[in-house]
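Reader: I am new to this structure and would be grateful for a close look at one part of it. May I show it first and then put my request?

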Amino acid sequence: MSEMITLTIDGKELKAKDGETVLNVARANGIFIPALCYLTRCSPTLACRLCLVESAGKQVYACNAKVKDGMEVTTTTDNIEKERRAIMEVYDVNHPLQCGVCDQSGDCELQNYTLYQKVDSQSYAIKDVNRPTEHWGVMNYDPGLCIVCEKCVTVCKDMIGSNALSTVKRGAEAIEGKFKTTMPKDAYSMWNKLNKSLIGFEEDKCVDCGECISVCPVGALVSNDFQYKTNSWELTRIPASNSHSSDCSLIYYEVKHESIVNHDVKKIYRVTNEHHYASLNGAARFAYDFENRVSSQDEVAFDKALEAFKKADTIKFNSFITNEEALTLQKLKEKLGYKLVNSDALAYKKFLDSYSSVSGKSLYSADLKDIHNSNFVISVGAYLKSDSPNTKYAFNNSVVMNKGAGLYFHPMGDPVMEQCGKRGKTTEFIYHKPLAEESVLYFILDKFGSDLPEAIQATLDSYKETRTKSVTEMIKEKVVSVVKDEETGEEKEVTKMVPKKVTKEVEFEYTRLLDEINCDATLIDTIEAMKDKKDSYTLILGEDLITHPNSQNLAKLAALVEKHTEFKVVIIPTSTNTLGVSLICDLDEEQGSYSIGYNVKADFQLSALGDGDLDMPSLNQQEGTFTNIDKRVVPTNAALPYKGYVLNDIANVLLESEVEHTIEYTKSLPVNKGFKAVEFDSLTNYFSNDWSENRGYVLDSLDVETSEELAQKQNASFELTSGQITIYKANPINQFNEFTAIAHEFKDDLESGMFANETLLSKLELSSGDKVLLSANGIEIEVNVYTDNQVSGEIAYVSTFEKELNTKALFDGYRFTSANVKKV
């Protein structure tokens, strides 16, 4: 933990962490220092040089200078103002005057700083060159507008971990020599670099998160879907939370009327974020228009729904619901005896309960910020780039920004994850067989633990045995020879050390555990080296462990890791509100004879997709709260109106209550599960300049009874027979559920089916576009085949986001299984 020091900025005495940058300290204390290129959570690029300040009589860059005890900083002097003015004039050289149509106009930092520096004349000039616009996946890049601040490059490298962007050379005439001697030094250096550079793009590394669009200070990078659709100042920003994945990041729905003709009909034009404080995945940014447009209440369908509820004994639902809706379902269960069936949340609940039985706390110990701040991070059982992109960002940020180290354990090869850090130095990617996750946790206890329980130590000892092997090595031995002096003829003895190969039998400790997780002695040495000087550890656990046949034992092992190592632990909730549902609802294993489905298939369906028996609002049409991966209860607001019935209308009839709005249940969320009795309208949803998260509240972690009893370690595996392959239950990047699938930016290029790299498809004699029959778990389903070279190895994954194509039935709980593949 960094010690606190005292410094002054512009005469104001401040407290700060030793080693923090001057710019971050100034921002946190409301002191403005201009900076075009700097991002709070990333490394400085020194591209814009606007953040010049003076300390101890020298000019330094605030984004790069570290604070020291007693330091005195002045943010502006006559010379600094001269430099900043010159820099802004350079940025304005040949910058196209497209403000009238540029999508960034009104939000443009170049506009803002030009006005701030009162640039009203131009001292510099250079011949312009043609720089045509390029189309990059979800975005367009206009190099004519680009100021090469490198924010996009930095966020892609330091935060996202994709390294899809870089600065590249471009042809241009040299700056006239006279400017080198007549203009300020920093302005000239910045101009010289700007004149020679552009941004380059590698499509195969891009994950379409759009974070580069968010950080771009000008209109150089823009969503191709948003471009030329509206002016930024016409949009109303509505704070909400990402409804697609458990990060539930702060987002802003930006809304205005659909058209001049339909002025009363509102439309979401884009989603934005506070990029200095939190990043978004591609689904949060681009899959925003999944609303259910309903013009009126269907009374006939509502009456049928009430009849169905009277007939039903089961309510089936998924975890794409608010805490308030989950509480509504729980109240229906308590009064009317329904079974509540949600297999995702039930598996998570069981895992968390087993974890708590050893840890003694109702919740896991870490959050995403802990991962960001750690310098040794391990991920086990999580397909991070698709399951939880924001956790992947934190993993990468830990390794890159904290000079940390990372281990990634998973059966499926992942070239995208391998972009994080430097393999063999700061990161290692260990691709083991399915069902070996239990061995991975034992390995972590063995290599990082101390004072282990007897049962754990006994298991580890049983995996170690003494073996003998032949080892050939070079040794030096003494060789004595007689040498005659040519001049005197005198003979004398000379001793030399001569290299010699020797083979000998040596004893060594053999560990079968390493074989199970595909880890050799060389890798162990690398891991030992990576541990050097590390003092902050985080362990990430994913869905593969939660669905594992021996999941409850894995949960207890994870808690033992927390108790007997320096690791804090994060257990990734498998869907948006899995954690909230698992705490609020008493869930059942099996359904009854007649079921109501809320956004899932059932005998009678309530659906926000518009495909059921009674329409429901989508999550972008609701107020309520989610419980996210950080164990934080965060609010979300309605971006668009909904004119149909909601779940609360049904509950009011069945419960004989008069709750006007669903958010009235916010204050009634169960305090015995860690929630607080807080009104919805009292919940905040913003970040402070010092990166403080003022979003809702954090759940209380309650004390629970403990029992360290472990089940026997299972050495389970499944063998492939002729014609079989291993398949994995997962979705493509940014495709989380049925709602992302219907968003207009995704549905036009919708790919659902079996995905594998070119090498595996070639081995199976398949090509992208083929159809195959997949047979597993007693089920046979016809799916499309797609190429995905962002995975490696001989495991294919099968998407699950299509509601009608029940590919989840191919898997018996665990995310891996063996399947027969037959070309249609």
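Reader: Is Glu81 buried, exposed or partly exposed? Please begin with the salt bridge that Glu81 forms with Arg84, and then set this pair in its surroundings.

Author: The model is a predicted one, and every value below is computed from it. Glu81 is partly exposed, because its relative accessible area is 31%, and partly exposed covers the range between under 20% for buried and over 50% for exposed. Its partner Arg84 has a relative accessibility of 2% and therefore counts as buried. The closest N and O atoms of the two side chains are 3.3 Å apart. Both residues belong to helix 2, which comprises residues 78–92. They stand three residues apart in that helix, about one turn.

This salt bridge is one of 38 that a search of the whole structure finds. Another joins the side chains of Asp107 and Arg270, with an N to O distance of 3.5 Å. Here the pair links distant parts of the chain: Asp107 is in the loop between helix 2 and helix 3, Arg270 is in strand 13 (residues 266–272), and 163 residues separate them. Asp107 is partly exposed at 40% relative accessibility, whereas Arg270 is buried, with a relative accessible area of 14%.

A further salt bridge, at 3.7 Å from N to O, is formed by the side chains of Glu693 and Arg632. Glu693 lies in strand 29 (residues 693–695) and Arg632 in strand 27 (residues 632–636), so this contact ties together parts 61 residues apart in sequence. The relative accessible area of Glu693 is 25%, which makes this residue partly exposed; Arg632, at 13% relative accessibility, is counted as buried. Salt bridges can also share partners: Asp107, Arg237, Glu254 and Arg270 are joined in this way into one network.

The surroundings also include helix 9, in which the buried and exposed residues can be followed along a helix. Helix 9 has 13 residues (299–311), and at 1.5 Å a residue these should span 18 Å; the end C-alpha atoms are 19 Å apart, which agrees. Ala301, Phe302, Ala305, Leu306, Ala308 and Phe309 are its buried residues. Seen down the axis of helix 9, these buried residues fall within an arc of 160 degrees, so they line one face of the helix. On the face turned away from this buried side are the exposed residues Glu299, Val300, Lys304, Lys310 and Lys311. The packing partners of the buried residues of helix 9 include helix 10 (323–336), strand 14 (314–317) and helix 22 (647–654). Where helix 9 starts, a side-chain oxygen of Asp298 comes to within 3.2 Å of the backbone nitrogen of Val300.

Strands 32, 33 and 34 complete this account. Strand 33 (residues 771–776) pairs with strand 34 in the antiparallel sense over six bridges, and Leu774 has Ile781 of strand 34 as its bridge partner. The two strands form a hairpin with two residues between them, and Asn777 in the turn has a positive phi of about 55 degrees. Strand 34 (residues 779–787) also runs parallel to strand 32 (residues 753–756), to which four bridges join it. In that pairing, Met754 has Val785 of strand 34 as its bridge partner.

Note on methods: Residues numbered from 1 in each chain as written. Predicted model: local features only at pLDDT ≥ 70, side-chain atom pairs only at ≥ 80, totals over all residues. Heavy atoms only, no water. Pairing = 2+ DSSP bridges. Expected span 1.5 Å × (residues − 1). Buried < 20%, exposed > 50% of the residue type's maximum accessible area, 1.4 Å probe, protein only. Arc of directions from axis to C-beta. Contact = heavy atoms within 4.5 Å. Polar contact = N/O pair within 3.5 Å; in protein donor to acceptor, adjacent residues only side chain to side chain. Salt bridge = Lys/Arg side-chain N within 4 Å of Asp/Glu carboxyl O.
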